[in-house]
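Open the model in your viewer and keep the selection panel at hand. The tour goes from stop to stop.

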Amino acid sequence: VITLYHCVSARSFRVLWMLEELGVPYELKMLPFPPRVQQRSFFEVNPLGTVPAMLDGDTRMTESAAICQYLAQRFAPTTMNVEPAEADFGAYLNYLHFGEATLTFPQTLVLRYARFEPEARRSPQVADDYTKWFLARLRTLEPHLSAHDYLCADRFTAADVSVGYALLSARHLGLHTRFTAAIAAYWQRLSSRDGYGRAMAAQDRQAGAQGVSPVPAPDTTP
Ligand SMILES: N[C@@H](CCC(=O)N[C@@H](CS)C(=O)NCC(=O)O)C(=O)O
């Protein structure tokens, strides 16, 4: 059975959401955030100290977008995977990685320099610059999402989970009020899915059962 190490609403939520959408059995191990400080034994599972960490037999993975890709392919055939023979295969991989490499990355800088660093090390300039950078990058999706419900292949895929998490994370940063119209509608579409609701409920339930704070990682204050 697949084991997922997870902090509430951290990037590992991508993997949890995938598992719920796919209906695959899994064991969820909740960690306090940041595990690097709060649960140092986690370094034995992931020397980076970051979540997600996913174990599947002898396979161990720590990159959320790669794990989404892995699960979609591992449990294929599923509508969440896009096959190489499909016209949107390249678009699928591009959006899947865009979600993390292009969208979540600038948010990390905002979180760090507006919230996580001690007062004296915070930097409004970094936070403002990377907020603008994130919003400008996000806006590039507006034309496509004005004409399509999903990012590629005209269906909900792992690429939507990857980009969808960046939108969830933007909400925690209070940036959702600056979503353009088609992106706001897309976020509504994604967050009203049963699979999304089940993933949210699972992390809440397991945080309670495992004695971990239910405060989402992005809202954690040092
Ligand atoms: N590129 C990695 C980034 C993983 C990552 O940085 N996760 C954050 C949570 S959102 C983390 O664990 N941060 C805690 C730390 O850096 O100590 C991925 O997409 O999975």
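Helices and strands here are DSSP runs, at least four residues for a helix and at least two for a strand, numbered from the N terminus. Keep in mind that this is a predicted model.

**Stop 1: a cis proline by β3.** Select Pro52. This proline sits in the loop between α2 and β3, the strand of residues 53–56. Now show the bond to Val51. The peptide bond joining Val51 and Pro52 is cis, with omega about 5 degrees.

**Stop 2: the ligand.** Stay with these two residues and display the ligand. Val51 and Pro52 both belong to the set around the ligand. Select the rest of that set: Ala10, Arg11, Phe33, Arg36, Thr50, Thr62, Glu63, Ser64 and Glu100. Colour the shell by class, and you get 4 nonpolar, 3 polar and 4 charged residues.

Which pocket does the ligand take up? The space it fills is the largest pocket.

**Stop 3: polar contacts of the ligand.** Draw three distances.

- Arg36: an N or O atom of the side chain lies 2.5 Å from a ligand oxygen.
- Ser64: a side-chain N or O atom is 2.7 Å from an oxygen of the ligand.
- Val51: here a polar backbone atom is the partner, 2.8 Å from a ligand nitrogen.

Next, turn on the surface. How much of the ligand's area does the protein bury? On its own the ligand exposes 520 Å², and the protein buries 80% of that.

**Stop 4: another cis proline.** Go back to Phe33, one of the residues around the ligand. Follow its peptide bond to Pro34. That bond is cis, with omega near -10 degrees. Pro34 lies in the loop between β2 (26–30) and α2 (35–38).

**Stop 5: a salt bridge.** Side chains of opposite charge can pair when their charged atoms come close. With a cut-off of 4 Å between a side-chain nitrogen of Lys or Arg and a carboxyl oxygen of Asp or Glu, the count is 12 salt bridges. Select one of them, Glu21 with Arg193. Their closest N and O atoms are 2.8 Å apart. Glu21 is in helix α1 (13–22) and Arg193 in the loop between α8 (181–191) and α9 (194–209), so the pair ties together parts 172 residues apart in sequence.

**Stop 6: an unusual phi.** Finish at Ala153. Look in the loop between α6 (142–147) and α7 (158–172). Phi of Ala153 is near 60 degrees, a positive value in a residue other than glycine.

Notes: Residues are numbered from 1 along each chain as its sequence is written. This is a predicted model: local features need pLDDT of at least 70, side-chain atom pairs count only at pLDDT 80 or more; totals for chains, interfaces and linings use all residues. Side-chain values use heavy atoms; hydrogens and water are left out. A residue is near a molecule or strand if one of its heavy atoms lies within 4 Å of it. A polar contact is a pair of N or O atoms within 3.5 Å; within protein, one must be able to donate a hydrogen and the other to accept it, and residues adjacent in sequence count only if both atoms are side-chain atoms. Accessible areas come from the Shrake-Rupley method with a 1.4 Å probe; for residues, only the protein chains shown count as cover. On a 1 Å grid over the protein atoms alone, a cavity is a set of points where a 1.4 Å probe fits but cannot get out, and a pocket is an open set with protein on both sides within 12 Å along at least five of seven lines; lining residues have an atom within 4 Å of a point. A molecule sits in a cavity or pocket if more than half of its atoms lie within 2 Å of its grid points. Ala, Val, Leu, Ile, Met, Phe, Trp, Tyr, Cys and Pro count as nonpolar, Asp, Glu, Lys and Arg as charged, and the others, Gly among them, as polar.
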